[in-house]
Every structure is written in structure tokens, then in C-alpha cells.
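Please describe how the two chains of this model meet and what one of its pockets looks like, in terms that a newcomer can follow.

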Amino acid sequence: MSVIINTKINGQSVSASAEASTSLLEFLRDTLEMKGSKLCCNTGECGACTVIYNGKPINSCVTMAADANGAEIITIEGLADGDKLHPVQQAFIDTGAVQCGYCTPGYIMSVKALLDRTTKPTAEDIEEAVSGNICRCTGYNKIVDAIHIAADRIAGRA
Amino acid sequence: MEYFEPKTVSEAVALLAKHGAETKVIAGGTDVMVDIKFKEEPGGLVNIKKIAGLSGIAENGAGLRIGALVTIREVESSALVREKLPVLWESCHQFASLQVRNTATIGGNICRASPSGETLAPLLVLDAKAKLAFADGEKTVPFMSFFQGPGKSSAGINGLLTENEIPYPAAGSKSVYLKHAVRGAMDIAMVGVAILLTPDAAKNNAQDVRIGLGAVAPTPVRASKTEALLRGKPLTAALLKEAGALAASEASPINDQRSSAENRRWIVEALTRRGLAQTWKAATGKEVA
């Protein structure tokens, strides 16, 4: 049975229908052709599909598309302002926190959600914020560096 | 696949009375969506997220009422839970990842009835109760008798968990939730041990001890023989050794990809001893001698 979904994605109202079994990730990637959020484990373990749902980071692969109804969703496509990257995106590039890049959109959404909550994250806040994101390339240090740099830039400390 | 979005509890239980056998209740979706992708698609989904009145954490007499749709993150973020029910707070704090905690509901964790469900051993030691709705009325069931096997609970296929009634532990009691897993984040417990210890007025004896074991039996269980062994006694190193071994014998673990049964028994023994020593010290100010 298909469900009509009226939602707001990156500030734009969207209306489309999807099967009830469709995940939010499938809705984004296959229905709306927004391929930025990545399909990886499809079980809610790796974080590559992370989007911000009503202000909170969630795994879109284990969220029903139907639950997007009436919600506000921000995806990786919604971060840059024209050619100007979001400070979190720029910091990931500047520190070399991107290698193969597959986990990166999910990381960036988790980090954006963190820095929306606080621009002075503690080591514990950072660990918690990205505990649901797996990166197999970088060894994580450069990602943590990027988070600190992005926080400093957003807060105007750097 | 059929899809239902009931707006009230009575609408939901009427649907479940009719379609319970072929539909699944879905809330956060972190378990059910995985089943849909990797196991089989149910005949229908009953999405209960639009039902009003199943959310919120509120003080209710000498305890808390936590609605079934409250997310794990909401439990973790509640100052009331952290202060009054630290054992439940700890289990939610160690739950999967932030993304999962933002979506997964406490009702889903309970009704999934997985032996390793993170909140279940804490709910057992807190003597909490489930409030269930059925088409023919409501029922309140203590969690001690709620879990009937992996995926099986008193909610059955026609019932809906609406809220959890969690009494505050006795004044002066101390609790701990110890989880053993390979990774700090995202990992499912090989063993989870929840302990609640209440000292007597003079702080010389353990007046009441409750031990909940997760992931070591077909359901989360209380180690009732071990609790009886400890009741009314001062905790000594010799007694803790005996208690650890007895708790391990009360577990009936399986071999699976996360751990062998033998290893699980060892961990039950170690975590029981450790948790008892920690709660004893916190409650009495004394080290186990």
C-alpha cells in the first residue's frame, strides 16, 4: 500500500508517494534521486545514511519513509550555500578527514547536529556524537581534528 | 503490505484484534525495518507513532510513568530518570548509538523481548510493570512475568504496550548496570547485569538485593537464588565469590556469534561480583572485606 508523504527536505516542501515498507533512505535516494545520503549496512549500524530529522541525527535506513510526513529533514545536499561549503564540510577537506568518502556524508550530518547543539563540544560529546558512524579509512584522528576546527570556525574562534 | 496509522489506543487495539496475526507494530523502526529488509515483510504495519498520550515521562506517586513511545534518548536526557532510576539511565546511556537512541523507543525495546534488550534487566530489578491495552480492556503485568521467550511477551500479537510504571527504589539503595561487549558503541551485550542493593538502616547488611541478567537466557531473568543467598547478610569477599558462582549457574546462556555459553557464564560471575562490590560500597561506604 502506498503512502502519500508530505515533508520538508532542506527547506523545500516535497510531496511524493512511497510503499509503506520504504525506508527514508530509499525514499531520498530512489524516489527523490538525492544520492548524497549513503546506503551501506542498511541495518542502522554504520551511520552512512545519517540525516537530521526534526533537529536530531538519525539513521534514515531504519526509519520509515512514512515518518517523514510532517517532519523537517536536512540531508548532506542541504548544507552548502551555493559554492560555499558548510564549515563542517570545509573542515573535513582541510584536515584530510575524507579518504574514500563513503562514510563522509553521514559523519558530516552527525557533526552538524552536534555543532548545532554546542560549539564547544567536549571530547565526550564528540565521541558520543559520532559513536554511530564507522570510518574504515582514516583511523578517526583526522575526523576528530576536523570537528574541533569546524567548532572553532563556527564559534568564530578561528 | 497493508499500512495503518491509528490515532488512538482503542483504534490500534481494534486493528490488532483483527489483524494481529499478520501485522507488526512499528514505532521507531530500528528493529522492524531491519526485519523488513533482511527477513520477511509482514502482511502489514501498524504504525503507533501518531497515537497521542503514549509519550512523556512523568512522576506518578512514588515512581515514574514512562510512555511506550518515549525514545531511548529522551530517557537518557531526563534529569528525573538520571536522579531516581540511575540503573535505567545507565542502560539507555550505553544503548547502541546516538542515531539509534534518537529513534528507538523504550516500548519497542521492551516488546522486542530480546534477551539482550538493554533496558530489560534494569526494568526487572526495578520491579517495574507494563501497562497493556487489548480490545477487551487493560492489563497491568509485572515485567517479572512479561517476557516469555525471544520475541514473545504478554503483549502477544493483539496487545499494545502503552506505558511503564516504574516505582522508585527504596531510599538508600544503590544500583549499577554493567554491560560486557567488544565495542563501547553500537554493540549488543554479550552479558548485561543490573544490580540494585538496599542496605539495612545501620548499613551493616544487604537488606534487599536484586540481580537482573541480560543476554544469558531465553528471556532477561532475575538471579533469585543468588538474591536469597545475599539477603540480610554483610557482603564479604567470600560471599561475593559464592554469589558470582551461583549467579553463573542461574544463567542458561547459548553459544552464538557474540560469545560462547561458557564465556558468558564467566562474565556473569565476574560482573555479578563486581556489581555487588560497587553497590555495596556506594550504599554502605564500606569496601567488601
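A:Glu26 and B:Lys37 join their side chains in a salt bridge, 2.8 Å from N to O, the term standing for a side-chain nitrogen of Lys or Arg within 4 Å of a carboxyl oxygen of Asp or Glu. Across the interface of chain B and chain A there are four salt bridges by this rule. On the chain B side that touches chain A, H6(B) gives the largest share, six residues. Contact, meaning heavy atoms within 4.5 Å, involves 32 residues from chain B and 32 residues from chain A. The area buried between the chains is about 2400 Å², with 56% given by carbon and sulfur atoms; buried area is the accessible area (1.4 Å probe) that two parts lose on being put together, summed over both.

The model is predicted, with local features needing pLDDT of at least 70 and side-chain atom pairs pLDDT 80 or more, while totals for chains, interfaces and linings use all residues. Residues are numbered from 1 along each chain as its sequence is written, chains are lettered from A and ligands numbered from 1 in the order in which they are written, and side-chain values use heavy atoms, leaving out hydrogens and water.

The residue classes of two regions are set out below, where Ala, Val, Leu, Ile, Met, Phe, Trp, Tyr, Cys and Pro count as nonpolar, Asp, Glu, Lys and Arg as charged, and the others, Gly among them, as polar.

| Region | Nonpolar | Polar | Charged |
|---|---|---|---|
| Side of chain B that touches chain A | 13 residues | nine residues | ten residues |
| Lining of the second largest pocket | six residues | eleven residues | six residues |

Definitions and conventions
Helix = DSSP H or I, 4+ residues; strand = E, 2+ residues; numbered from the N terminus.
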